[in-house]
Amino acid sequence: MIPELGQFALILALCTAFVLAVVPMVGSFTGHTGWMDMARPAAAAQAFLVSLSYACLTWAFISHDFSVLYVANTSNTSLPLIYRISGVWGGHEGSILFWCFISALWTGAVAIFSRALPPVLLARVLSILGFVSIGFLLFVLLTSNPFERLFPVPVDGASLNPLLQDPGMAIHPPMLYLGYVGFSVAFAFAIAALISGKLDAATLRWMRPWTNIAWMFLTIGISLGSWWAYYELGWGGWWFWDPVENASFMPWLIGTALIHSLAASEKRGVFKAWTVLLAVLAFSLSLLGTFLVRSGVLTSVHSFAADPARGLYILLFLGIVIGGSLLLFAIRSNKLKSTASYELVSRESALLLNNILLVVACSAVLLGTLYPLFVDALGFGKLSVGEQYFNAVFVPLMLPILLIVGVGAMLNWKRDKLKGRSTTLVVLGVASIVLAAFLTSLLTHYRISAVASLSMAVWVSASTAYGIFYRFRNKRKRLSAVMHTPAAFWGMSTAHIGLAVFTVGVALTSIYNEEQTVRMALNDNHTVGDYDFEFTSLEQVRGANYSAAEGRFQVSRNGDAVSEIVAQKRVYDVRNDTMTEAGIDAGLTRDLFIALGEPLDGGNAWSVRIQSKPFIRWIWLGTILMAFGGFLAAIDGRYRRVRATAGSASAKSTAAVGSAVTGSAAVAQRSAPAAGATGSSSNITF
Amino acid sequence: MTPKRKQRMMLVGLMLGGVAMAVGFGVNAFKQNIMLFHSPTDVAAGTVKPGQPFRVGGMVVEGSVKRSDTDLNVYFELTDHAQTVPVSFSGILPDLFREGQGIVAMGSLDDQGTFGATEVLAKHDENYMPPEVAEALEKAGNMPGTEANYGSKTVVSP
């Protein structure tokens, strides 16, 4: 009964989505206020119906309803409760329903927090989100119905892939989806701007917190995935340039470019068409990612079942969304004129450079990811692009970004001269190299590559810190100036420091990584780097739904005991899958990683992979800082204040279209003097 | 040319130069890092020269896996049910590596015709077959039933 209710709610949600996609959009052209007002209730109804449907599926999982095919395929009576809840998105059908659920929530959130938006704009934005919902709801109902019944009812289910039975994996998909789907909001605003042919500062100001939040979720989602791969796959790597990883990384790169270009568009009215294009691309790449992952064209842990109908459907949907929005862009983008000029040395130039580098990097990743698929589709054989390609292209593109990130952030809008700061910057640059050279001497071996990459990281931190100092240099009441600085500035600085921390992690892990695969019998010793590993015990243990061979390793350094590492080789009951549970001794400056390979000689010895990974935690520490920076930038009070301004403006104005103009005029007046001035007081703008 | 336009041109020039360099690096790196996939039938036909890196995929022949007693070397045979390729590997095989299942290996052939694998990939799910392997098997006319190709409508009995 409950599953049927879920299915019924889903069908109703589809009907609501049709209403949402059509009625307010038509109303926005004909000027029927009543039609446009349909948008918010329809969005709320859709959010309720999809949530209900999702709750029904979750209930089927919790109550072990194996008469539902999807539940029978992905759950099992021995599965712990948490993995029954996360198992809802552990397979294809459920994860697409989960996508719909997140999408409905985002649409609902826009409907709730957007009272102040001009009605025409709001109606169009929600309509476009409704259109995206139709695409995914139809996908669920036509090709991947999670509520399909199964008869005869099996006694027990086939259980969840053991790789997914892990806390990190339980929250990775929700974060990633919140990010992917979050870009649909920026996309909807961009399409609405193309339809109306104008993109004013108020709208751009609106897009910024939404985009920041989506970007934050995507950042968290990707780093959780990387962290999970590190400790769960047993290889000890954190990034493999796997097509599925690339699928999530490409929207992130474009999203990063987007949040930067949004800043320039909002503050200075430049790069408007470019910003719209980036918003379209970010969401298109999110869809492409879904296509790559879900259609089964890739060999990966993420591809569940290869069903041609699904692949074809997503490809069609992708074609409509990307083709349609690019067509609209081609026709209408000339209306989005940039209003301001800027000079070579200015924040605009720095942001433009950032954007170009990120977009080129994304194109390189796209080429490496899609080329094998194209070649295959054209029948020229099967090939794959190696990891080295991505490293060789990606790393050189990131170097200029590291060089300019700190300096660019402290430049003024429109025009700036580095006079007065150039000496300090040169001194900081030299100091960075000296400090890096010194820091490298504290590490195990002296490597020039370590000096180079550490100088970069130190330089990013130093130039960012100098930017913070420079901002407050002339303030008499420093403390109060610091207190009154917008959260967005701190968000930006935090994210940039996060980039430095991330750089340290990536560089030192790849340069100083030590890995050895050895054969070890009980009580054998092996030395990797400074550490000595002794295989002290091996026993069979029993977990909730698996049994495991558990090896214990005593780690010591120069005779002093450091820690004991426990590594397991698990065999899960139901599916009889083998899985490596690596043992990790985590630390801020190094991780020690042990993975059991296979028993040799009938269990007398094991093949063991031992790794020492210096500073690997810094990678995720850096991404946490970046995500936190995105969060700080999104909660900046200025966005809420504008909301109030635009709200009073639209309340005064009766004509629907008029309010958008009024709202933007109010904002333009407020920001114009600040942007124009170049003195120290102009630093309110960021 | 006004100074402003000059600056603008410099900006455009810098960016074009940068993008051109990036494309240059990219194409170069791309050429060096493409790895083709070949089936055991291709290998037996001698399409691949020794030393040239490529990927090979197929089913691990039942009973062919031999481990060394002293080190981590492993030998096994890979088949598409038409031809067979001997493979050697040193290190830890993936968790889902089993006899009778589909895998993909990266590496190159030595002069004796043994494939020296640097990396062995097994599927992450026992019901999932790497598409390359499935196709290679199909070409050789030996797709072993549909149970290996995990259709969405199948329920795996516990």
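A residue is called buried here when its relative accessible area is under 20%, and exposed when that area is over 50%. The model on display is predicted.

**The whole chain**

Begin with chain A in full. Its C-alpha atoms fill a box of roughly 80 × 75 × 55 Å along the principal axes. The chain comprises 21 helices and ten strands. Its radius of gyration is 27 Å, close to the 26 Å given by the globule rule for 686 residues, so chain A is as compact as a globular protein of that length. Of these 686 residues, 62% are buried. Among contacts between residues at least 6 apart in sequence, 73% join residues at least 24 apart. The chain exposes about 25,600 Å², with carbon and sulfur atoms supplying 68% of that area.

**A loop threonine**

Next, select A:T485, in the loop between helix 17 (478-483) and helix 18 (487-512) of chain A. Its relative accessibility is 9%, which is under the 20% limit, so A:T485 counts as buried. Display A:R471, A:F472 and A:W490 as well: A:T485 is in contact with these residues, its neighbours within four places in sequence being left aside.

**The open sheet**

Proceed to strands 3 to 7 of chain A, which form an open sheet in the order 3-4-5-6-7 with antiparallel pairing. Strand 3 (525-528) and strand 7 (578-581) stand at the edges; each has a single partner strand, so one side of each is left without a neighbour in the sheet. From one strand to the next, the twist averages 25°. Now isolate strand 6 (residues 560-572) and strand 7 of chain A, which run antiparallel and are joined by four bridges. Here A:K569 stands opposite A:T580 of strand 7.

**Aromatic pairs**

Finally, display the aromatic side chains; the structure holds 40 aromatic pairs. Select A:Y54 and A:F101, whose ring centres are 4.5 Å apart and whose planes meet at 5°, so the pair is stacked. This pair links distant parts of the chain, with A:Y54 in helix 3 (residues 39-62) and A:F101 in helix 6 (residues 92-113), 47 residues apart. Both A:Y54 and A:F101 are buried.

Then turn to A:F249 and A:W252: their ring centres lie 5.8 Å apart with planes at 10°, so this pair is likewise stacked. Both residues belong to helix 10 (residues 243-268) of chain A, three residues apart, or about one turn of the helix. A:F249 and A:W252 are both buried.

To close the tour, select the cluster linked by ring pairs, which includes A:Y54, A:F101, A:W89, A:F98, A:W99 and A:F317.

Methods
Residues are numbered from 1 along each chain as its sequence is written. Chains are lettered from A and ligands numbered from 1 in the order in which they are written. This is a predicted model: local features need pLDDT of at least 70, side-chain atom pairs count only at pLDDT 80 or more; totals for chains, interfaces and linings use all residues. Side-chain values use heavy atoms; hydrogens and water are left out. Two strands pair if DSSP finds at least two bridges between them. Helices (H or I, at least four residues) and strands (E, at least two) are DSSP runs, numbered from the N terminus. Axes are lines fitted to C-alpha atoms, for helices over the stretch in contact, and angles run from 0 to 180 degrees between N-to-C directions. The radius of gyration is taken over C-alpha atoms; the globule rule is 2.2 Å times the number of residues to the power 0.38. Buried means under 20% relative accessible area, exposed over 50%, partly exposed in between (1.4 Å probe, protein chains only). Contact means heavy atoms within 4.5 Å. Accessible areas come from the Shrake-Rupley method with a 1.4 Å probe; for residues, only the protein chains shown count as cover. Rings of Phe, Tyr and Trp (its six-membered ring) pair if their centres lie within 6.5 Å; planes under 30 degrees apart count as stacked, over 60 as edge-to-face and the rest as tilted.
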